[in-house]
Amino acid sequence: EELNGPLPEGYCLKCLDGDKSNTDPANWKAMPRAMLARLAGRFGRDYDGAPAELKPTIMLTAELEQRVTDIRKDRS
C-alpha cells in the first residue's frame, strides 16, 4: 500500500512465483478475487504448481477469460 495505495474493493494480491514469503513488490499482482478460481486447480490450471516458464501464459489466459466474463456482464 505504501507503493501503490490501497487495493480496490474486490481485489486481492497474488504472488507470481508461488512463494508467499517472497515480499518483493514485483512478485505480487493485484487482481480481482474472481481470478483466483481461474488460477487454482479448480479449472485444471494449478498456477502455483505450474513450472515457472508456463506461469506467464497461464496468467494471461486467465486474465483474458476474466475480461471476456466482465464484458459479457456489462452487456447484460
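A contact here means that heavy atoms lie within 4.5 Å. The exercises below concern a predicted model.

**Exercise 1. Describe the overall build of the protein chain, including its elements, its box and its long-range contacts.**

Solution. Begin with the elements: the protein chain holds two helices and two strands. Read from the N terminus, their order is β-β-α-α. Next, consider the extent: along the principal axes, the C-alpha atoms fill a box of roughly 40 × 30 × 15 Å. Finally, turn to the contacts with a separation of 6 or more: 32% of them join residues 24 or more positions apart.

**Exercise 2. State what share of the residues is buried, and describe the exposed surface and the charges of the protein chain.**

Solution. Of the 76 residues, 20% count as buried. The exposed area is about 5,600 Å², of which carbon and sulfur atoms supply 53%. As for charge, there are 12 positive and 13 negative side chains, and the centres of these two sets lie 9 Å apart.

**Exercise 3. Test whether the end-to-end distance of helix H2 agrees with the span expected at 1.5 Å a residue.**

Solution. Helix H2 covers residues 55–75, which makes 21 residues. The expected span is 1.5 Å times one less than the number of residues, so H2 should span 30 Å. The end C-alpha atoms of H2 are 30 Å apart, and the two values therefore agree.

**Exercise 4. Determine how the buried residues of H2 are arranged around the axis, and what they pack against.**

Solution. First, list the buried residues of H2: Lys-55, Ile-58, Met-59, Ala-62 and Gln-66. They cover an arc of only 95° around the axis, and therefore lie on the same side of H2. The face turned away from this buried side carries the exposed residues Leu-60, Leu-64, Arg-72 and Arg-75. The packing partners of the buried residues are strand S2 (28–32) and helix H1 (34–39).

**Exercise 5. Classify Ala-52 and Asp-46 by accessibility, and describe the phi of Asp-46.**

Solution. Ala-52 is found in the loop between H1 and H2. Exposed means over 50% relative accessible area; Ala-52 has 60% relative accessibility and therefore counts as exposed. The C-alpha atom of Ala-52 is separated by 9.3 Å from that of Leu-16, 36 residues apart along the chain.

Asp-46 is also found in the loop between H1 and H2. With a relative accessible area of 41%, Asp-46 is partly exposed. Its phi is near 45°, a positive value in a residue other than glycine. Most residues other than glycine have a negative phi.

Conventions. Residues are numbered from 1 along each chain as its sequence is written. This is a predicted model: local features need pLDDT of at least 70, side-chain atom pairs count only at pLDDT 80 or more; totals for chains, interfaces and linings use all residues. Side-chain values use heavy atoms; hydrogens and water are left out. Helices (H or I, at least four residues) and strands (E, at least two) are DSSP runs, numbered from the N terminus. Buried means under 20% relative accessible area, exposed over 50%, partly exposed in between (1.4 Å probe, protein chains only). Accessible areas come from the Shrake-Rupley method with a 1.4 Å probe; for residues, only the protein chains shown count as cover. Lys and Arg count as positive and Asp and Glu as negative; His and the chain ends are not counted. The place of a charge is taken as NZ of Lys, CZ of Arg, CG of Asp or CD of Glu. The arc is that of the directions from the helix axis to the C-beta atoms.
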